[in-house]
Amino acid sequence: MKTKQAFNPYMPSWEYVPDAEPHVVGDRVYVYGSHDIFNGLNFCLGDYVCWSAPVDDLGNWKYEGCIYKREQDPAAPRIRLTNGLAAPDMAQGPDGRFYLYYFMGGTKMISVAVCDQPAGKYEFYGYVKYEDGTPIGKKGEPFQFDPGIFKDDDGRLYLYTGFALTGNPILLDGSKPTEHGPMCFELDPLDMLTVKSGPDYIGIAGEKEAAGTSYEGHPFLEASSMRRFGDTYYFIYSSMNSHELCYAVSSRPTGGFTYGGTLVSIGDIGLDGVTDVNHAKNYTGNTHGSLIEINGTYYVFYHRHSNRKQSSRQAMAEQIRFEDGKFYQAELTSCGLNGKPLAGKGNYPAYIACNLYGKKGTRFLSMIKHPKNGYPYFTQDGTDREGGPDQYIANMGDGAVAGFKYFDLSDTSRIRINIKGSASGTVLVSTKENGTPRAQIQIQPVRQIWGFSADLDVSGDKQALFFQFHGKGNFSFYSFDLK
């Protein structure tokens with residue numbers, strides 16, 4: 001039975017776990033991902049942590065602690081800043097143990113750690129290797145990156161890797177990108193390390209091969225992940241567009257894949273007439289994640305960006321429609337894993353906004369912070385981690401919009417926003433972007449967090465709330481209350 005509502009991001013707002021690979025073990029779902037540090041100078045600077053939740057209570061996430069430290073890998077480069085622990089994945093071996101596959105910058109190899117529990121203290125195990133003992137990545141193959149590990153129903157074990165962005169700084173060590181999409185290796189399940197065959201390409205087009213195929217506009221970039229539902233294999237990946245997760249389908253795990261569609265875009269690009277990054281409904285950058293089925297419902301896991309740059313990424317998830325073997329693109333929501341709209345009463349943090357943009361729109365984020373001027377953004381005060389300060393929306397200036405989906409407003413009649421800043425003017429609240437205002441909240445400058453209220457003229461059991469500011473100055477948006 002549910003005990004807590006689920007929001008997006010579904011982990012605490014001070015936690016930064018991108019690249020999520022969700023796996024059900026027993027009656028819990030475990031999320032394995034990279035670990036960013038708030039305001040970090042680069043991706044993946046933290047050690048691996050794990051979070052889990054009961055499969056029947058996806059709002060109740062538990063911090064399992066640090067499961068693996070960077071320095072446990074014998075090949076860990078001395079310099080951490082450019083050589084972090086990147087996106088991992090997990091598979092259970094025939095011995096019942098849990099094997100964590102990961103890539104560490106500066107090594108060119110795929111490393112493996114092992115543990116007796118899904119979220120215990122993992123120990124270094126070895127490197128994925130050919131039969132002659134040479135680690136993959138050391139024979140001139142294309143760059144090994146973002147390992148996705150998949151154990152099929154017949155016990156056979158497959159590893160998928162690859163990175164396709166020519167000229168990216170990650171390749172400055174002389175590595176070459178893959179030009180033919182992701183690589184597949186079949187591994188020996190007895191030791192979970194030794195290559196039985198591969199690398200082979202599975203039919204997912206890279207940038208040079210996509211023209212004139214179903215992959216045109218969505219060629220492979222990175223973030224390999226494999227799932228099987230029924231008799232069909234679903235390969236999940238991040239496309240060259242970077243802001244979207246796509247999928248391809250086949251009747252076998254080693255080839256014959258055809259393009260399936262977009263699973264999610266972190267700017268809602270592809271939905272409701274949003275055709276490109278210039279009209280995105282949230283800040284874009286990279287994303288990485290996968291699919292999972294829990295109690296007959298399907299979810300897509302991904303990440304968003306905060307703090308005006310790419311390296312403060314947060315774990316997100318959405319319910320996704322799956323019919324007749326096809327997935328339909330999920331929209332960004334605030335209620336994510338909740339299974340239904342959020343209650344129309346209580347206090348809600350502003351950081352669960354699923355749409356956020358300024359009068360000038362949004363930006364495609366880089367590793368360098370984009371300017372504040374004209375753009376609201378998610379951030380937090382300080383750098384404390386566990387139990388640290390919550391995020392909020394900063395820099396809500398004239399024309400800025402924060403959107404939240406969805407709420408059951410059947411019995412809601414009053415709304416209050418809790419803000420701080422120099423702004424004076426009106427916050428219009430509507431149920432659609434640029435829609436008829438359902439509340440008009442007058443605000444004035446305040447030096448401490450203060451609440452401003454108005455009546456809310458709306459009803460319905462699935463409604464969005466869009467807050468748009470018109471006035472002078474700007475404010476920080478901390479939370480809102482529904483009554």
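The legends below walk through several close-up views of one predicted model.

In this predicted model, local features need pLDDT of at least 70 and side-chain atom pairs count only at pLDDT 80 or more, while totals for chains, interfaces and linings use all residues. Residues are numbered from 1 along each chain as its sequence is written, and side-chain values use heavy atoms, with hydrogens and water left out.

**View 1. Strand 30 shows side chains that alternate between two faces.** Strands here are DSSP runs (E, at least two residues), numbered from the N terminus, just as helices are (H or I, at least four). Follow residues 439–443: Ala439, Ile441 and Ile443 point to one face and are buried. Gln440 and Gln442 point to the other face and are not buried. Buried means under 20% relative accessible area, exposed means over 50%, and partly exposed is in between, using a 1.4 Å probe and protein chains only. The partner to look for is strand 29 (residues 424–430), which pairs with strand 30 in the antiparallel sense over five bridges. Two strands count as paired if DSSP finds at least two bridges between them. Within this pair, Thr426 stands opposite Gln442.

**View 2. Strands 17, 18 and 19 form an open sheet.** Strands of a sheet pair through backbone hydrogen bonds, either parallel or antiparallel. Which sense does the pairing take in the sheet with the order 17-18-19? It is antiparallel. The edge strands are strand 17 (290–294) and strand 19 (309–319), and each of them pairs on one side only. Neighbouring strands of this sheet are turned by 30 degrees against each other on average, direction ignored. For such angles, axes are lines fitted to C-alpha atoms (for helices over the stretch in contact), and the angles run from 0 to 180 degrees between N-to-C directions. Strand 17 and strand 18 (residues 297–306) are joined by five bridges, and Ile294 stands opposite Thr297 of strand 18.

**View 3. Ser13 sits in the segment before strand 1 (21–25).** Is Ser13 buried or exposed? Its relative accessible area is 0%, so Ser13 is buried. Its side chain reaches the backbone nitrogen of Gln391 at 2.8 Å. That is a polar contact: a pair of N or O atoms within 3.5 Å, where, within protein, one must be able to donate a hydrogen and the other to accept it, and residues adjacent in sequence count only if both atoms are side-chain atoms. Leaving aside neighbours within four places in sequence, Ser13 is in contact (heavy atoms within 4.5 Å) with Gln314, Tyr351, Gln380, Pro389, Asp390 and Gln391.

**View 4. Thr82 lies in the loop between strand 4 (62–68) and strand 5 (89–92).** Thr82 counts as exposed because its relative accessibility is 53%. The side chains of Thr82 and Asn83 are joined by a polar contact of 3.3 Å. If you look back to Ala439 from View 1, its C-alpha atom and that of Thr82 are separated by 48 Å, and the two residues are 357 apart along the chain.

**View 5. Several backbone details are worth a look, among them two cis peptide bonds.** One joins Asn8 and Pro9, with omega about -5 degrees, and Pro9 lies in the segment before strand 1. The other runs from Gly198 to Pro199, with omega near 10 degrees, and Pro199 is in strand 12 (residues 195–201). Next, find Asp19, which has a positive phi of about 60 degrees although it is not a glycine. Asp19 counts as buried at 5% relative accessibility. Met192 also has a positive phi, near 65 degrees, and is found in the loop between strand 11 (183–187) and strand 12.

**View 6. Tyr247 and Phe327 make an aromatic pair.** A pair of aromatic rings is described by the distance of the centres and the angle of the planes. Rings of Phe, Tyr and Trp (its six-membered ring) pair if their centres lie within 6.5 Å; planes under 30 degrees apart count as stacked, over 60 as edge-to-face and the rest as tilted. By this rule the model has 46 aromatic pairs. The centres of Tyr247 and Phe327 are 5.7 Å apart and their planes are at 85 degrees, so this pair is edge-to-face. Tyr247 belongs to strand 15 (residues 244–250) and Phe327 to strand 21 (residues 326–328), 80 residues apart. Both Tyr247 and Phe327 are buried.
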